[in-house]
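Hi everyone, thanks for coming. I'd like to walk you through a structure that is new to most of us, so settle in and have a look at it with me.

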Amino acid sequence: MYLETVEMIGRVLMACTGEEDPLLVDGGDHADIASTIAFACAKKEKKSPAIIAQDLLEKLKTRPEMDGISVAATGPYLNFTFGSDYVGKSVQLARESGYGSLPKRPERVMIEHTSANPNGPLHVGHIRNTIIGDTLARTFRKAGYPLEVQYYVNDMGRQIAIVVWGLQTLGIARNDGEKGDHFIARVYIQANREIEKDESINREIERLMQEIERGGKDIEKVFRDAVDTCLDGIKKTLADLNVVHDRYVRESTFVRIGDMHRVLDILSRMDEGEDDGELFSVNLSAYGIEKKYILRRGDGTSVYAARDLAYHVWKNANFGRIIDVLGADHKLIGAQLSSTLRLMGEREPEILHFEFVSLPEGSMSTRAGKFISADELIEEVTIRAFEEVTKRRPELTEEERQAIAGSVAVGAIRYDIVRVSPEKSTVFDWKQALDFERQSAPYIQYAHARACSILAKAGEFDGIYEYEDPHEVALAKAIARFPAVLDSVVSDLRPHLLATYVRDLADLFNTFYRFVPVLKAEGKSRDARLALVDATRNTLREALQTLGIDALESM
């Protein structure tokens with residue numbers, strides 16, 4: 001309703017002025033939407049913007065499309081306030097199943113996220129990538145895009161060669177019940193310790209890298225088994241966080257089918273391609289990047305960047321919009337990748353860079369064995385959530401409390417990480433993430449559960465959509481903005497906007513419930529308010545699901 005109304009106002013303004021852009025902005029505290037179009041007209045008409053705004057106001061009053069919308073000229077600004085018909089219709093629409101979904105779009109979108117090396121479990125430093133990427137994916141689907149989500153598997157680099165050497169040499173056994181990713185991490189950590197004691201082991205690592213690049217069923221199986229053991233564990237962690245990838249794409253694929261060699265051949269024939277006998281690289285100084293982009297070693301083995309280029313050429317051939325979610329430490333690599341693709345005449349990916357999330361315990365390194373795994377984080381938050389749920393709902397069975405705690409824990413982790421804009425670093429705060437009284441996932445989940453409880457107590461009611469109380473109107477108008485928020489997230493790649501929106505919606509609902517009687521109201525007022533509660537419940541549910549958080553009906 002909001003998007004359609006704003007679009008209609010834009011068309012009317014353009015028709016009245018001849019301008020191509022209606023210059024619509026948020027109305028803030030003064031209106032639902034505002035326009036600064038008078039400033040643009042002033043340049044052409046040689047009049048004061050305030051006079052032009054008054055002239056436009058008179059024209060707008062004669063337009064039948066504007067019935068039910070109040071328009072005011074405040075100095076040079078035009079302010080638009082949506083009326084009671086808009087409010088009532090918004091509540092009615094928000095009660096429908098799947099509310100917020102945008103019309104189907106033809107452009108195929110591909111999002112790559114997480115793509116952590118399969119040499120150990122995901123740790124806290126990885127999962128901001130995971131949660132940002134999965135929230136974007138869910139939002140793109142909600143916004144009507146055909147989408148594929150991919151995990152790019154580094155299955156033939158140095159780190160995997162170290163794992164393979166460790167498995168072949170160190171005799172480390174997998175413990176009973178040990179997840180594959182944790183087992184592989186133990187092997188990788190011990191192998192690195194052996195390399196530190198004896199650098200000659202590096203020759204064995206290099207030999208393995210040469211063998212896997214040349215191919216051969218035996219060596220490919222050894223590498224694949226090692227990678228799959230780790231990936232099985234990673235997939236379990238991702239599932240625990242409500243994250244699913246559509247496809248796991250192995251970098252070795254682009255070596256085997258010749259795509260990487262074709263990319264290297266193209267670049268070798270360009271002036272920017274440089275081979276000094278030790279390394280083959282691309283000179284990107286024309287793009288303001290002084291560090292050369294290394295693609296191949298002197299022994300003929302490729303580096304990750306060469307395979308990644310081939311992967312992105314393949315992406316371009318299969319998808320209309322390509323999005324990579326990368327940590328801030330990949331800014332140079334991302335710039336080198338994008339510039340080289342541009343040099344080849346290929347489209348660049350949209351790259352969403354994010355700063356890191358950490359715990360008070362400090363930084364993490366898989367190689368050094370100093371990390372807190374995502375599994376440990378989920379387990380610890382679940383224990384704390386169970387304690388909180390038990391305090392609040394001691395009458396529930398342990399099984400019921402465990403189920404609620406599991407949903408609360410995952411919601412707390414996901415929300416606390418995604419609520420911060422990607423360009424800002426953040427520290428995961430246990431207490432804040434699990435605070436039922438503050439602006440956290442449990443707080444929002446509890447608002448949804450409260451709405452469910454009100455409706456369960458109310459029983460049947462008629463669909464009445466008449467609202468006058470300011471708290472009713474404010475809540476209804478916030479509900480109407482949900483589809484527009486989804487549109488902004490996919491346009492600007494800003495998933496924290498959805499987190500902010502759903503928090504604010506929960507706030508407005510709690511304020512409404514505090515000041516406006518619902519169950520004790522009578523007649524049409526009671527029915528209308530119950531309809532508003534139902535619209536809030538449905539919107540909170542759709543928004544929480546888009547954030548990958550369970551919408552609990554009881555807490």
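Let me begin with one term: by a contact I mean two residues with heavy atoms within 4.5 Å of each other. With that in hand, take the contacts in the protein chain between residues at least 6 apart in sequence: 74% of them join residues at least 24 apart. Please keep in mind that what you see is a predicted model.

Now the overall picture. The protein chain has 555 residues, and buried ones make up 53% of them. Its secondary structure comes to 21 helices and 14 strands. If you lay the C-alpha trace along its principal axes, the span is about 80 × 70 × 35 Å.

Let's turn to the sheets, starting towards the beginning of the chain. Here 4 strands form an open antiparallel sheet, and the order across it is S1-S2-S4-S3. Which strands stand at the edges? They are S1, residues 24-26, and S3, residues 69-74; each has a single partner strand, so one side of each is left without a neighbour in the sheet. From one strand to the next, the twist averages 30°.

We can go across that sheet pair by pair. S1 and S2, the latter covering residues 33-35, pair in the antiparallel sense over 3 bridges, and valine 25 stands opposite alanine 34 in S2. Next, S2 is joined to S4, residues 77-82, by 3 bridges, again antiparallel. In that pairing, isoleucine 33 faces phenylalanine 80 of S4. Then come S3 and S4, antiparallel and joined by 6 bridges. Look at phenylalanine 80 again here, because valine 71 also stands opposite this residue. S3 and S4 make a hairpin with 2 residues between the strands, and in this hairpin glycine 75 takes a positive phi near 60°.

On to another sheet. This one is an open sheet of 5 strands with parallel pairing, in the order S7-S6-S5-S11-S12. At its edges are S7, residues 247-250, and S12, residues 350-354; each of them has a single partner strand, so one side of each is left without a neighbour in the sheet. Neighbouring strands here are turned by 25° against each other on average, with direction ignored.

Inside this sheet, S5 (residues 109-112) and S6 (residues 147-153) run parallel, with 4 bridges joining them. Methionine 110 stands opposite glutamate 148 in S6. There is also a helix to notice: H9, residues 217-240, lies across S6 and S7 and runs at about 150° to S7.

Now for two single residues in helices. Is asparagine 202, which sits in helix H8 (residues 201-214), buried or exposed? Its relative accessibility is 18%, so asparagine 202 counts as buried, the cut-off being under 20%. Leaving aside residues up to four places away in sequence, asparagine 202 touches Arg158 and Ile195. Compare glutamate 387 in helix H14, residues 374-392. At 45% relative accessibility, glutamate 387 counts as partly exposed. The C-alpha atoms of glutamate 387 and glutamine 402 are 9.6 Å apart, with the two residues 15 places apart along the chain.

Let me finish towards the other end of the chain, with helix H19. Which residues are buried in H19? They are Phe482, Pro483, Ala484, Val485, Leu486, Val489 and Val490. What covers them includes the helices H1, H5, H18, H20 and H21, together with strand S11. You may recall S11 from the parallel sheet. After H19 comes leucine 493, whose phi is positive, near 55°.

H19 also takes us to a pocket. The second largest pocket has a volume of about 460 Å³. It is lined by 19 residues, and the closest to its centre are Asp26, Lys477, Ala478, Arg481 and Tyr501. Three helices, H18 (470-480), H19 (482-492) and H20 (496-515), are the elements that give two or more residues to this lining. Which element gives the most? That is H20, with 5 residues. As for character, the lining divides into 12 nonpolar, 2 polar and 5 charged residues.

That's the tour. Thanks for listening, and I'm happy to go back to any part of it.

Methods. Residues are numbered from 1 along each chain as its sequence is written. This is a predicted model: local features need pLDDT of at least 70, side-chain atom pairs count only at pLDDT 80 or more; totals for chains, interfaces and linings use all residues. Side-chain values use heavy atoms; hydrogens and water are left out. On a 1 Å grid over the protein atoms alone, a cavity is a set of points where a 1.4 Å probe fits but cannot get out, and a pocket is an open set with protein on both sides within 12 Å along at least five of seven lines; lining residues have an atom within 4 Å of a point. Grid points are joined across faces, edges and corners, and a volume is the space filled by probe spheres set on the points. Ala, Val, Leu, Ile, Met, Phe, Trp, Tyr, Cys and Pro count as nonpolar, Asp, Glu, Lys and Arg as charged, and the others, Gly among them, as polar. Buried means under 20% relative accessible area, exposed over 50%, partly exposed in between (1.4 Å probe, protein chains only). Two strands pair if DSSP finds at least two bridges between them. Axes are lines fitted to C-alpha atoms, for helices over the stretch in contact, and angles run from 0 to 180 degrees between N-to-C directions.
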